[in-house]
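The following exercises concern a predicted model. Please consult the sequence and the structure while working through each solution.

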Amino acid sequence: MTTQTVTSVPAYAAPAARAPLERTTISRRPVGEHDVLIEIKYAGICHSDIHQARDGWGEGTFPMVPGHEIAGIVAEVGPGVTGFAAGDRVGVGCMVDSCRTCDNCRAGLEQYCSDGPVYTYNSTDRGGETTLGGYSTHIVVDAAYTVRIPDALPLDAAAPLLCAGITLYSPLVHWKAGPGKKIAVVGLGGLGHMGVKIAHALGAEVTVLSQSLRKRDDGIRLGADHYYATSDDDTFKQLAGSFDLIISTVSAPLPLDRYLALLRTDGALVNVGAPEEPVSLNVFSLLAGRKTLAGSGIGGIRETQEMLDFCAEHGLAADIELIPADRINEAYERVLASDVRYRFVIDTATI
Ligand code: NAP
Ligand code: ZN
Ligand code: ZN
């Protein structure tokens, strides 16, 4: 396939905030010196897509083509690309560029670029164009922001690793999840189920804190040692002072004081969930027990590759429901209703 034939490609876009997504045609830039053209095979649906397509975080640009869990095959590379060749299995996550010169970029923490990274969609690239994401058949991305998907991972189930996988891997490694550590994952959705799998593979003792016991059997199968319902007040009495690390993947504001009380001395509550409204807490919840309240955003490019290699080595990928593109809007509703097991992935051949 040549560059000329793919500058115009099919995609699914939200024409306006909260409007249903619909099929459209978008333009992709010509393949530049350091670019790869990727034939997208699968695109995961992240809850962040829904926050943004509904403009829940504000400042959304429409029409918006969401999608930052991209898995596909390299179709063409620019003349300056050495690391990839046509036919390679590759992935693209939440970022497609960053300044490359600030301290964070140089440390491999491009997600914390001091200029702000260029996100895969709903962002402005260096040429001043609005980026358009992975709910599409092709994308042109700088090779430096492209990662390799190991052969051991199926492409469809690997797609969600590009956001859900790295977003849990990064804080689990940073806060040293491993043997002897008690970890709780709050919310068993797309991020949460990858958190359970990865924390278990790292050797930690894993507890799921879910709204109900509805998904208990799944949680245990995914690698959890314990499973509790947060709708039950006894859970908070029973588990007080238990955990070294709690990672909240909840997409809505969390009553932080209740969860901080579940930490041991020096424990950390890390938010990866990105609710649309602010949260508040009583600072005394942190003082007693020298506790940390933290956040974490995706992971750097090098760490994303490390995570994919770790998942391949441990046989980890997402539990997915593969859907045709005309079911995206229905999938959004199901995610909002916490009815996802555990990631919707779009078969882009149906766009
Ligand atoms: P998801 O699949 O919808 O999972 C979120 C889970 O949170 C739900 O399955 C549900 O689990 C629980 N939950 C939902 N609403 C709740 C409520 N009102 N109270 C308590 N629990 C609730 O979403 P996701 O794709 O995993 O994303 C989760 C959040 O992380 C979103 O806000 C997303 O934008 C954010 N995110 C952040 C990053 C980052 O870099 N920090 C990256 C990706 C996504 P149970 O049914 O088990 O209770
Ligand atoms: Zn995401
Ligand atoms: Zn930077």
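**Exercise 1.** Determine in which sense β3 and strand β8 pair, and over how many bridges.

*Solution.* Step 1: locate strand β8 at residues 138-142. Step 2: follow the pairing with β3, which is antiparallel and extends over five bridges. Step 3: take I38 as an example; its bridge partner in β8 is I139.

**Exercise 2.** Identify how β3 is joined to strand β4 and to strand β17.

*Solution.* Step 1: consider strand β4, residues 70-77, which runs antiparallel to β3 and is joined to it by seven bridges. Within this pairing, Y42 stands opposite A71 of β4. Step 2: turn to strand β17, residues 343-347, which also pairs with β3 in the antiparallel sense, here over three bridges. The residue of β17 that partners G44 is V345.

**Exercise 3.** Explain why strand β3 is described as largely enclosed by the rest of the structure.

*Solution.* Step 1: recall that a residue is buried when its relative accessible area is under 20%. Step 2: apply this to β3, which spans residues 35-44; eight of its 10 residues are buried. Step 3: conclude that the strand is largely enclosed by the rest of the structure, because so many of its residues are buried.

**Exercise 4.** State which residues coordinate the zinc ion (ligand 3) and why the arrangement is tetrahedral.

*Solution.* Step 1: list the donors, which are the SG atoms of C99, C102, C105 and C113, at 2.3 to 2.4 Å. Step 2: place these residues in the sequence, where their spacing is C-x2-C-x2-C-x7-C. Step 3: examine the angles that the four donor atoms subtend around the zinc ion (ligand 3), which are 103 to 120 degrees. Four donors count as tetrahedral if all angles lie between 85 and 135 degrees, and the arrangement is therefore tetrahedral. Step 4: add the surroundings of two donor residues, C99 and C105, both of which are buried.

**Exercise 5.** Describe the second largest pocket: what is its volume, and which strand gives the most to its lining?

*Solution.* Step 1: the volume of the second largest pocket is about 420 Å³. Step 2: its lining comprises 19 residues, of which R29, D125, E129, T131 and V140 are the closest to the centre. Step 3: β6 (95-97) and β8 each supply at least two lining residues, and β8 gives the most, with four. Step 4: sorted by class, the lining holds nine charged, six nonpolar and four polar residues.

Conventions:
Residues are numbered from 1 along each chain as its sequence is written. Chains are lettered from A and ligands numbered from 1 in the order in which they are written. This is a predicted model: local features need pLDDT of at least 70, side-chain atom pairs count only at pLDDT 80 or more; totals for chains, interfaces and linings use all residues. Side-chain values use heavy atoms; hydrogens and water are left out. Buried means under 20% relative accessible area, exposed over 50%, partly exposed in between (1.4 Å probe, protein chains only). Two strands pair if DSSP finds at least two bridges between them. Donors are N, O and S atoms within 2.8 Å of the metal (3.2 Å for Na, K and Ca); water is not among the atoms, so sites may look incomplete. Four donors count as tetrahedral if all angles lie between 85 and 135 degrees; four count as square planar and six as octahedral if opposite donors are over 155 degrees apart and all others between 65 and 115; anything else is irregular. On a 1 Å grid over the protein atoms alone, a cavity is a set of points where a 1.4 Å probe fits but cannot get out, and a pocket is an open set with protein on both sides within 12 Å along at least five of seven lines; lining residues have an atom within 4 Å of a point. Grid points are joined across faces, edges and corners, and a volume is the space filled by probe spheres set on the points. Ala, Val, Leu, Ile, Met, Phe, Trp, Tyr, Cys and Pro count as nonpolar, Asp, Glu, Lys and Arg as charged, and the others, Gly among them, as polar.
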